[in-house]
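Work through the following exercises with the structure in view, and try each task yourself before you read its solution.

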Amino acid sequence: MNWGMKNRISRIIKPKTGRCVMLAVDHGYFQGPTTGLSNLQKTVDPLLPYADALMITRGAVRNWIEPRVDIPIILRVSGGQSILKELSNEIITTSIEDAIRINASAITCSVYVGGEFEKETIKNLSKLVDEGEKYGIPVLAVTAVGKEMVRDARYLGLASRICVEIGAHIIKTYYTEDFWKVVEACGNVPVVIAGGKKLPEMEALKMAYNAISDGAVGVDMGRNIFQSDSPVGMIQAVRSIVHEGRSIDEAYEIYEKLKNK
């Protein structure tokens, strides 16, 4: 791995703890102005001091994120279908040159193993890895789950390992029972968990805690933070688990305290 690649990864996964809290706000590329992201800047600005990286599209970053902000950008570069269509039918929507212009610390796409357009999404990942290696930009592969897919360790281990074999530098996948098996399947490639749909705050914190305990290096949460009744409290609570090793109850106390301010 070249110097530039290592340096970009170290901006995302903090060397001091070996962990990261990513904030995902790229939902608009297929969901439009989803709840909590209608005014993306208003939602995101208060959260930026507590996020280690921001997952976002090029249009959103240029429209709503202040260029002077000091946060690594994980640039979503795949898309092509809305929630009204078959989501696995994705293309690469953003060139590597534009990712460089944006100064992205990583680029990301979804891979739909078992989906209707599985091969095409694996091809997308392969193309990104080739271009990322050329310019020293790491690729985060998202193991997207179709409607018919079961989120168990066997399936997620399969999907994650395929992404590793194609050359992804970071894996984003869902938490499940026996998650350590998914982490093991990825070898030395770091794994972060997706937050998924909005959960009660205690459940989301428990998921983050269990994922870290099972070997994940961090979380990439969106709705479980920006759709919370206390987004700043929630991201600080998650951060306390990931970076400080706090217990679930201790983290929940942080959320409760900030919610009531």
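A residue counts as buried when its relative accessible area is under 20%, as exposed when that area is over 50%, and as partly exposed in between. The model used here is a predicted one.

**Exercise 1.** Decide whether H27 is buried or exposed, and find which residues it touches.

*Solution.* Begin by locating H27, which is found in the loop between β1 (20-24) and α2 (28-31). Next, take its relative accessibility, which is 8%, and compare this value with the cut-off of 20%, so that H27 counts as buried. Finally, list its contacts: leaving aside residues up to four places away in sequence, H27 touches G32, T34, L37, G222, R223 and F226.

**Exercise 2.** Describe how helix α9 and helix α12 pack, and state what kinds of residue make the contact.

*Solution.* Two packed helices are described by the angle between their axes and the distance between the axes. For α9 (residues 201-213) and α12 (residues 248-259), the angle is about 135° and the axes are 10 Å apart. An angle of 135° is neither under 35 degrees, nor over 145, nor from 65 to 115, and therefore α9 is oblique to α12. The crossing in which α9 passes α12 is right-handed. On the side of α9, the contact is made by E201, M202, L205, K206 and Y209, while α12 contributes I248, D249, A251, Y252 and Y255. Sorting these residues by type gives seven nonpolar and three charged, with no polar residue in the contact.

**Exercise 3.** For N103 and D178, state the sign of phi and decide how exposed each residue is.

*Solution.* Take N103 to begin with, which lies in the loop between α5 (96-102) and β6 (106-111). Its phi is positive, at about 70°, although N103 is not a glycine. The relative accessible area of N103 is 52%, which is over 50%, so N103 is exposed. Turn then to D178, in the loop between β8 (170-174) and α8 (179-185). D178 is also a residue other than glycine with a positive phi, here near 60°. Because its relative accessible area of 35% falls between the two cut-offs, D178 is partly exposed.

**Exercise 4.** Which residues of the largest nonpolar core touch the most other members, and what does L54 touch?

*Solution.* The largest nonpolar core has 73 residues, and those touching the most other members are V25, L54, I56, I107, L125 and I171. Not counting residues up to four places away in sequence, L54 touches L23, V25, V44, L48, I65, I71, P72, I73 and I74. Another core, of 16 residues, lies apart from the largest one, and its members include M5, A24, A106 and I170.

How values were computed: Residues are numbered from 1 along each chain as its sequence is written. This is a predicted model: local features need pLDDT of at least 70, side-chain atom pairs count only at pLDDT 80 or more; totals for chains, interfaces and linings use all residues. Side-chain values use heavy atoms; hydrogens and water are left out. Axes are lines fitted to C-alpha atoms, for helices over the stretch in contact, and angles run from 0 to 180 degrees between N-to-C directions. Helices (H or I, at least four residues) and strands (E, at least two) are DSSP runs, numbered from the N terminus. A crossing is left-handed if the near helix is turned anticlockwise from the far one by less than a right angle, and right-handed if clockwise. Contact means heavy atoms within 4.5 Å. Ala, Val, Leu, Ile, Met, Phe, Trp, Tyr, Cys and Pro count as nonpolar, Asp, Glu, Lys and Arg as charged, and the others, Gly among them, as polar. A nonpolar core is a set of buried Ala, Val, Leu, Ile, Met, Phe, Trp, Tyr and Cys residues joined through side-chain atoms within 4.5 Å. Buried means under 20% relative accessible area, exposed over 50%, partly exposed in between (1.4 Å probe, protein chains only).
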